[in-house]
Amino acid sequence: MTGEAPGARTLLVTGPGGDGASTVAAATALAAARAGRSTLLLSQEPAGRLAALLDTVPPAWPEEPVELAGGPAVARIDAAGRFRAGVLAAQRHARPALDALGAGVLDDDELTELPGAAPLALLHALRTAHAAGRWSLVVVDLPPVTEAIRALALPGQLRRYLRRLLPPERQTARALRPLVAQLLGVPLPAQSLYETADRWDGELAVLERLFESPGTAVRLVIDPTERSAAQARAARAGLALHGLGVEALIANRLLPAGSAAPLLADLAAGQRAVLDAFGRATGLTAPHPLPHLGRPVRPEDLAELPLPPLGEPGAAVVAEPTVEDRLATDGLLVWHLPLPGATRDDLDLVRRGDELVVTTGPFRRALPLPAALRRCTVAGAAFTDAAELAVRFAPDPDRWPDRALAGVPRAD
């Protein structure tokens with residue numbers, strides 16, 4: 001299933017955990033479906049919890065989408081089931097070799113999913129949903145935001161590993177491979193290995209384009225507490241590092257201001273103080289409020305939640321890195337990387353060849369350097385008051401002896 005990035009809107013809903021993100025995702029999908037949009041909700045919630053939230057009890061919750069009357073289609077992402085099915089299929093494919101070795105086989109009821117199965121199942125479900133071409137909006141109920149960002153970053157990371165381990169430019173023409181292997185005295189990787197890597201690269205590239213598309217955005221749900229806000233602040237920096245825009249910040253379970261009860265008034269004031277501090281640190285200064293209902297959310301409440309309207313594609317603007325030309329004044333080029341929500345103590349960076357590996361909190365990304373900066377050396381870095389990582393580059397005399405400025409990008 002390779003090809004161009006799918007054209008449907010994708011709304012990724014997540015939060016620090018325990019903040020009501022699954023409820024917001026379900027309510028968002030329901031509102032979109034009732035507004036006439038063909039909508040699919042993808043969720044990893046346990047089957048019982050998902051059925052209770054949507055007030056439906058299908059005979060068995062399959063991985064294939066189930067159309068709800070008057071609502072969206074819903075598909076539950078079953079990571080354990082997909083892992084078992086994958087292992088059993090691989091065993092069937094390799095059965096002749098296993099029999100020749102006298103190896104035993106694993107049965108379905110003894111298989112337990114391994115770490116990493118859940119994000120792979122999520123990516124597979126998202127890719128399959130878009131490839132089907134049946135929905136104009138796909139709402140994804142993501143795991144807690146730290147896990148979610150790592151899952152969304154996985155396609156780019158895996159593509160980078162494939163390129164490093166099996167560089168396409170090092171493939172030898174098929175007719176010359178035996179000769180080259182003889183000359184080198186070592187076996188070359190089988191052509192089938194490169195073909196498999198190319199196929200994986202194509203699949204991963206589709207997901208990368210999907211996450212980079214203007215039609216993809218994040219709804220970040222937080223409970224306005226110090227714990228939730230601290231985790232969401234670090235996540236905001238991680239989202240920016242990976243080029244994911246926040247379409248809406250949703251402040252869940254807000255207490256009404258101006259209560260006559262002193263305790264409630266103090267709690268409400270504390271919530272708003274947390275939101276104000278969060279906005280100053282992350283640039284998300286207009287949170288959309290959802291009221292505290294005073295009880296657990298019921299299925300009948302979903303349609304009544306005052307959710308923000310869906311933004312147009314591209315509404316969640318992601319600030320792109322820019323190169324500032326200061327050669328004439330300081331002899332430097334400065335690469336500005338916007339990282340709202342980051343803190344100086346959580347930042348780290350290292351130059352590796354033509355990449356800059358940037359770390360903010362628990363998140364890390366290898367960023368390819370613009371062409372002009374590849375001919376420079378790193379001269380220093382600072383985290384500015386504008387929440388930007390400003391990395392200074394000096395032209396390398398051995399690679400840029402005349403400091404020619406042709407083609408050097410400039411900041412707007």
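**Strands, faces and turns in a predicted model**

Strand β12, which covers residues 355–360, is largely enclosed by the rest of the structure, because six of its six residues are buried. The model in which this strand is seen is a predicted one, and the burial applies to both of the strand's faces: E355, V357 and T359 lie on one side, L356, V358 and T360 lie on the other, and all of them are buried. Such a division into two sets follows a general pattern, since in a regular strand the side chains alternate between the two faces of the sheet.

The neighbours of β12 along the chain are also its partners. Strand β11, residues 347–352, runs antiparallel to β12 and is joined to it by six bridges, and within this pairing R351 has L356 of β12 as its bridge partner. The two strands form a hairpin with two residues between them, and in that turn G353 has a positive phi of about 60°. On leaving β12, the chain enters a second hairpin, formed by β12 and β13, again with two residues between the strands, and here the residue in the turn with a positive phi of about 60° is G361. Strand β13, residues 363–368, is antiparallel to β12 and joined to it by six bridges, with T359 standing opposite R364 of β13.

Strand β6, residues 216–222, is likewise mostly covered, with seven of its seven residues buried. From this strand T216, V218, L220 and I222 point one way, while A217, R219 and V221 point the other way, and all are buried. The arginine R219 is thus among the buried residues of β6, and for a residue to be called buried its relative accessible area has to be under 20%.

In contrast to the antiparallel hairpins around β12, the pairings of β6 described here are parallel. Strand β1, residues 9–14, pairs with β6 in the parallel sense over five bridges, and V13 stands opposite R219 in that pairing. Strand β7, residues 246–254, also pairs with β6 in the parallel sense over five bridges, and in this case V218 stands opposite V246. The connection from β6 to β7 passes through helix α9, residues 226–241, and the three elements together make a right-handed β-α-β unit.

V246, which has its place in strand β7, counts as buried because its relative accessibility is 12%. Its C-alpha atom is separated by 5.9 Å from that of R219, although the two residues are 27 residues apart along the chain. Further along β7 lies R253, whose relative accessibility of 28% makes it count as partly exposed. The phi of R253 is near 60°, a positive value in a residue other than glycine. Most residues other than glycine have a negative phi, and most peptide bonds are trans. D55 is another case, with a positive phi near 55° in a residue other than glycine; D55 is found in the loop between α2 (47–54) and β3 (66–67), and with a relative accessible area of 62% this aspartate is exposed.

A further sheet is built from four strands, which form an open arrangement in the order β9-β10-β15-β14 with antiparallel pairing. Strands β9 (322–326) and β14 (376–383) stand at the edges of this sheet and have a single partner strand each, so one side of each is left without a neighbour in the sheet. From one strand to the next the twist averages 25°. Between the edges, strand β10 (residues 332–338) and strand β15 (residues 388–395) run antiparallel and are joined by six bridges, one of which involves V334, whose bridge partner in β15 is R392.

The last feature to examine lies on the surface, where L263, L264 and L267 form a nonpolar patch with about 290 Å² of accessible area together. Of these leucines, L264 has its place in helix α10, residues 262–282, and is partly exposed, with a relative accessible area of 39%. This value passes the threshold for membership of a patch, which requires over 30% relative accessible area.

Methods:
Residues are numbered from 1 along each chain as its sequence is written. This is a predicted model: local features need pLDDT of at least 70, side-chain atom pairs count only at pLDDT 80 or more; totals for chains, interfaces and linings use all residues. Side-chain values use heavy atoms; hydrogens and water are left out. Two strands pair if DSSP finds at least two bridges between them. Axes are lines fitted to C-alpha atoms, for helices over the stretch in contact, and angles run from 0 to 180 degrees between N-to-C directions. Patches are made of residues with over 30% relative accessible area and no salt bridge: like charges are joined within 9 Å, nonpolar side chains (Val, Leu, Ile, Met, Phe, Trp, Tyr) within 5 Å. Accessible areas come from the Shrake-Rupley method with a 1.4 Å probe; for residues, only the protein chains shown count as cover. A salt bridge is a side-chain nitrogen of Lys or Arg within 4 Å of a carboxyl oxygen of Asp or Glu. Buried means under 20% relative accessible area, exposed over 50%, partly exposed in between (1.4 Å probe, protein chains only). A crossover is right-handed if, with the strands pointing away from the viewer, the path from the first strand over the helix to the second runs clockwise.
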